[in-house]
Every structure is written in C-alpha cells, then in structure tokens.
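Okay, thanks for coming, everyone. Let me put the structure up and then walk you through some parts of it.

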Amino acid sequence: MKVYHRNLTSLVGYCNEGDEMALIYEYMANGDLSSHLSGDSNTNVLSWEGRIRIAMDAAQGLEYMHFGCKPPIVHRDVKTTNILLTENFQAKLADFGLSRVFPTDTGTHVSTVVAGTPGYLDPAYHITNRLNETSDIYSYGVVLLEIITNQPAIIKVNESTDDERIHISRWVSSTIDNGAITSIVDPRLQGGFDNNSAWKAVEIGMACVSPTPRKRPSMSEVVNGLKECLAMELARNNHGRLTNSSLDVSTEISPLAR
C-alpha cells in the first residue's frame with residue numbers, strides 16, 4: 001500500500017476471516033490483456049494505437065517500480081495475464097506476489113530461488129539465480145512481442161503435435177528475415193498501422209529479450225522508444241483525418257453536374 005502509480009493496480013484492502021484470505025484490488029472492467037489478444041476473431045480487435053498505449057502504460061508501471069521506488073522493486077512475473085485494463089483500456093500491472101525488493105546497496109543483483117512463468121522467464125536468471133531489473137525487462141519484451149504479433153509466448157509449430165514448440169522471440173527473429181512487417185504484426189489489423197512505428201516496436205521488443213542482460217534497454221529507454229512509436233502512429237492517423245476532411249470539403253463545394 002506504500003507503492004502507488006497510475007499504471008499499478010491499487011490495493012483496496014484485504015480479507016482475513018477464518019479460512020478466508022484474500023487481497024482486494026481496484027476493479028478493472030476490461031479484464032486482462034491476454035483475453036484481448038487470444039483467438040482469431042476479427043471483432044473487437046485492438047488497434048495499433050491502442051496496443052502501443054497499453055504497452056507504454058505497462059512499461060511506465062515497471063519504470064516506476066525500477067526507478068521510482070526506494071529501494072527498487074522487481075516484479076518477477078510480468079505477463080499478459082498480469083496486465084489488467086480499465087474501462088478506458090488504461091493498462092495496469094497486477095499480481096505482486098512474486099515481487100522482490102532489490103537492495104541497490106548490496107551489489108548488482110540478489111540471489112534468489114527462480115520463480116516466474118515459462119515463456120516469460122529470463123533465461124539468464126533461470127541459469128544463475130541472479131535477479132535484477134533486467135529479468136523484468138526480458139519478460140516485458142515477451143509481452144511486447146505478443147502485443148505486436150498476437151502470438152503466444154510459446155508457439156506451436158505444428159498444431160497436430162505438442163512436441164514442436166518455439167519461443168516467440170525465435171519466431172519473430174526468423175520472420176524478420178522475410179523483410180515484411182506485415183508478416184510479423186497481427187494480421188487482424190489488416191495493415192492498419194504505421195510501418196515505421198511497427199518496426200520500432202519490434203526493435204524494442206527484440207532488444208528487451210536479448211540473451212545478454214547488459215544489452216537490454218532500461219525501462220526508461222523502452223518508454224521513450226514507445227513514445228516515438230505512438231507519435232508516428234498518431235501522425236499517420238492525423239494525416240488520414242486531414243485527407244478525409246479535404247475530400248469532404250472538396251465534395252461539398254463541387255458544383256452540381258448540369
């Protein structure tokens with residue numbers, strides 16, 4: 001209850017009666033991000049602008065935990081089911097059950113038993129048991145790639161068998177070689193996005209999931225990069241509105257056919 005930020009779910013209170021124990025958080029009308037990305041339905045598809053705003057909200061929540069809290073806090077379980085959405089689709093990080101304080105005065109990391117969710121778990125942390133903020137950055141990168149592609153963290157290569165699976169970062173890496181951003185971005189968007197914005201977002205996501213922790217960007221750098229992505233998409237949208245407005249005006253003032 002000492003930690004408060006617009007992109008972190010607020011703890012309202014708790015219940016501890018007999019065998020009933022519960023934490024009570026603010027109500028999030030649109031559920032979790034995962035439910036808005038899953039499936040092949042073409043109804044209620046999140047726009048590219050909406051996706052970037054959600055990604056930026058989540059990034060700002062993590063940025064606050066890493067830089068705004070004293071001492072810093074590592075979430076340890078960043079994933080799409082732990083990003084909740086308000087009625088207006090503002091994103092907030094949730095579920096801090098695995099979070100750990102990161103004491104900066106004791107060095108560059110804290111040694112701890114590995115915890116997290118397969119697919120989102122930082123391989124470097126899994127191997128060394130050394131936890132710091134770069135582990136959150138890896139998990140966030142997986143989430144960002146999910147937001148971009150509408151693919152799960154672990155992708156089935158062959159739907160007829162569970163044996164063939166590939167991590168989303170490898171899938172994106174192999175798809176990049178094709179050179180077409182439309183091969184990476186969720187096809188349900190039907191090209192409704194700024195290409196430069198999409199490439200920038202992919203670049204950020206892939207940097208976050210770098211196998212080498214020191215090569216990953218900080219969450220502040222991620223936030224700044226996503227602001228650029230949003231600016232490019234807004235410029236595209238504004239240009240479209242201006243073009244349509246010009247067409248409307250020209251139609252209104254055109255003389256009637258005689």
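**Helix H6 and its cap**

Let's start at the N-terminal end of H6, which aspartate 194 caps: one of its side-chain oxygens sits 3.1 Å from the backbone nitrogen of asparagine 196. That's a polar contact, meaning a pair of N or O atoms within 3.5 Å, where within protein one must be able to donate a hydrogen and the other to accept it, and residues adjacent in sequence count only if both atoms are side-chain atoms. When I say helix, I mean a DSSP run of H or I with at least four residues, a strand is a run of E with at least two, and both are numbered from the N terminus.

Before I go further, this is a predicted model: local features need pLDDT of at least 70, side-chain atom pairs count only at pLDDT 80 or more, and totals for chains, interfaces and linings use all residues. Residues are numbered from 1 along each chain as its sequence is written, and side-chain values use heavy atoms, with hydrogens and water left out.

Back to H6. Its 14 residues should span 20 Å at 1.5 Å a residue, and the end C-alpha atoms are indeed 20 Å apart. The expected span, by the way, is 1.5 Å times one less than the number of residues. The buried residues here are Ser197, Ala198, Ala201, Val202, Ile204, Gly205 and Cys208. Looking down the axis, the buried residues of H6 fall within an arc of 160 degrees, so they line one face of the helix. That arc is taken from the directions from the helix axis to the C-beta atoms. Buried means under 20% relative accessible area, exposed is over 50%, and partly exposed is in between, with a 1.4 Å probe and protein chains only. On the face turned away from the buried side, H6 carries the exposed residues Asn196 and Glu203.

**H5 and H4**

Now, which residues are buried in helix H5, residues 168–176? They are Ile168, Ser169, Val172 and Thr175. These cover an arc of only 130 degrees around the axis, which puts them on the same side of H5. What covers them includes H4, strand E9 (154–156), strand E10 (165–167) and helix H6 (195–208).

So what about H4? This helix runs over residues 133–149, and its 17 residues reach 25 Å from first C-alpha to last, close to the 24 Å expected. Of those 17 residues, 16 are buried, so H4 is largely enclosed by the rest of the structure. Right after H4 comes asparagine 150, with a positive phi near 65 degrees.

One residue to pick out in H4 is serine 135. Serine 135 is buried, at 5% relative accessibility. Its contacts, leaving aside neighbours within four places in sequence, are Asp122, Tyr125, Arg130 and Arg216; contact here means heavy atoms within 4.5 Å.

**A buried arginine and its partner**

This next one caught my eye. Arginine 51 lies in helix H2, residues 48–68, and with a relative accessible area of 1% it's buried. What does its side chain reach? A polar atom of that side chain lies 2.9 Å from the backbone oxygen of leucine 46. Beyond its neighbours within four places in sequence, arginine 51 is in contact with residues including Ile147, Ile148, Asp186 and Arg188.

Leucine 46 itself is in the loop between helix H1 (33–37) and H2, and is buried at 10%. Its C-alpha is 9.9 Å from that of aspartate 186, although the two are 140 residues apart along the chain. Leucine 46 also touches Leu33, His36 and Phe89, among others.

Over in strand E4, residues 83–85, there's leucine 85, buried at 0% relative accessibility. Among its contacts are Leu33, His36 and Ile54.

**Cysteines and the whole chain**

Any guesses on how many disulfides the search finds? Zero, across the whole structure, counting a pair of cysteine sulfur atoms within 2.5 Å as a disulfide. Cysteine 69 is buried at 6%, whereas cysteine 15 is partly exposed at 27%.

To finish with the overall picture, the chain has seven helices and 10 strands. Buried residues make up 43% of its 258 residues. And of the contacts with a separation of 6 or more, 63% are between residues 24 or more positions apart.
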